[in-house]
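Thanks for coming. I will take one chain today, starting with the overall layout and then going through a few residues.

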Amino acid sequence: MLRSIFRLPRYYFLQIQRLKGDPVYLAKGFAFGVFMGVLPLVPIQTILIIPLSMTLRVSTLAAVIAGAMISNPLTFMPQYYITWKLGNAVLPGRISWDHLKEVLLAIQQNGLLNGIASFSHLGLKTITVLLTGGALIGIPAGIISYFFALKFFRTLRVHRLRKQKLNNKQ
């Protein structure tokens, strides 16, 4: 278990490194994935990322990988806590952590279909608080990650072009 926790970041890094395409296109997809990953939509996150990334004309693969990187079983609970805390600070007194924690444990333990059912029982107040907190974190995180991802993909492209030139000379 502990070994797989340390292998997870490397796994995501290798997946991102293998993406090919225009750096701007990939960076936009990555930033969109970070934004969607921060939003507390775990049971339906990937289901939403795919059509929205196609609509926005950003890299779907980069968005799905970034979304999974940000929101996974290791980050699930702290992410929801932080979005709840921030959303509750902006929209005070709407939901308690105990109520939300029960639903989150049900989502975590019962799988995707039951998770979607549990998520749908959260209620409009709870979802509003969570999405507000998630948007307040996700927008700056998406903007910042765009510039880091753009730098990363441009550097990766230069590295690939150099390697290709060296291979052509031989």
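The secondary structure of this protein chain is seven helices and zero strands. Along the sequence the pattern reads α-α-α-α-α-α-α. Keep in mind that this is a predicted model.

Some totals for the chain. It has 170 residues, and 38% of them count as buried. The chain exposes about 10,400 Å², with carbon and sulfur atoms supplying 66% of that area. If you take the contacts between residues at least 6 apart in sequence, 76% of them join residues at least 24 apart. One pair that is distant in sequence is Tyr 11 and Met 69: they are 58 residues apart along the chain, and their C-alpha atoms are 9.7 Å apart in space. Tyr 11 belongs to helix H1, and at 46% relative accessibility it counts as partly exposed.

Now the interior. Which residues of the largest nonpolar core touch the most other members? They are Leu 19, Ala 27, Phe 30 and Phe 153, out of 16 residues in that core. The elements giving two or more residues to this core are helix H1, residues 2–17, helix H2, residues 23–38, H4, and helix H7, residues 124–169. A separate core has 12 residues, including Tyr 80, Leu 91, Trp 97 and Val 129.

Back to Phe 153 in the largest core. Once neighbours within four places in sequence are set aside, Phe 153 is in contact with Ile 16, Leu 19, Pro 23, Leu 26, Ala 27 and Phe 30. Three of the names you just heard, Leu 19, Ala 27 and Phe 30, are also on the list of residues that touch the most other core members.

Next, a polar residue. Ser 53 is in helix H3. Is Ser 53 buried or exposed? Its relative accessibility is 0%, so Ser 53 counts as buried, the cut-off being under 20%. Its side chain has polar partners. A polar atom of the Ser 53 side chain lies 3.0 Å from the backbone oxygen of Ile 50. The Ser 53 side chain also makes a polar contact, at 2.9 Å, with the side chain of Thr 60. Leaving out residues up to four places away in sequence, Ser 53 touches Phe 32, Val 58, Thr 60 and Ala 63.

Ala 63 takes us into H4. The buried residues there include Ala 62, Ala 63, Ile 65, Ala 66 and Gly 67. At the start of H4, a side-chain oxygen of Ser 59 comes to within 3.2 Å of the backbone nitrogen of Ala 62.

Just before that is the loop between helix H3, residues 45–56, and helix H4, residues 60–70, and Arg 57 is found in this loop. The phi angle of Arg 57 is near 60 degrees, which is a positive value in a residue other than glycine. Arg 57 has a relative accessible area of 69%, so it counts as exposed, the cut-off being over 50%.

Last, the surface. Which residues make the nonpolar surface patch of about 220 Å²? Leu 86, Val 90 and Leu 136 do. Val 90 sits in helix H5, residues 76–90. With a relative accessible area of 43%, Val 90 is partly exposed.

That is what I have for today.

Definitions and conventions:
Residues numbered from 1 in each chain as written. Predicted model: local features only at pLDDT ≥ 70, side-chain atom pairs only at ≥ 80, totals over all residues. Heavy atoms only, no water. Patch = residues over 30% accessible without salt bridge, like charges linked within 9 Å, V, L, I, M, F, W, Y side chains within 5 Å. Areas by Shrake-Rupley, 256 points an atom, 1.4 Å probe, with all protein chains shown as cover. Salt bridge = Lys/Arg side-chain N within 4 Å of Asp/Glu carboxyl O. Helix = DSSP H or I, 4+ residues; strand = E, 2+ residues; numbered from the N terminus. Buried < 20%, exposed > 50% of the residue type's maximum accessible area, 1.4 Å probe, protein only. Core = buried A, V, L, I, M, F, W, Y, C linked by side-chain atoms within 4.5 Å. Contact = heavy atoms within 4.5 Å. Polar contact = N/O pair within 3.5 Å; in protein donor to acceptor, adjacent residues only side chain to side chain.
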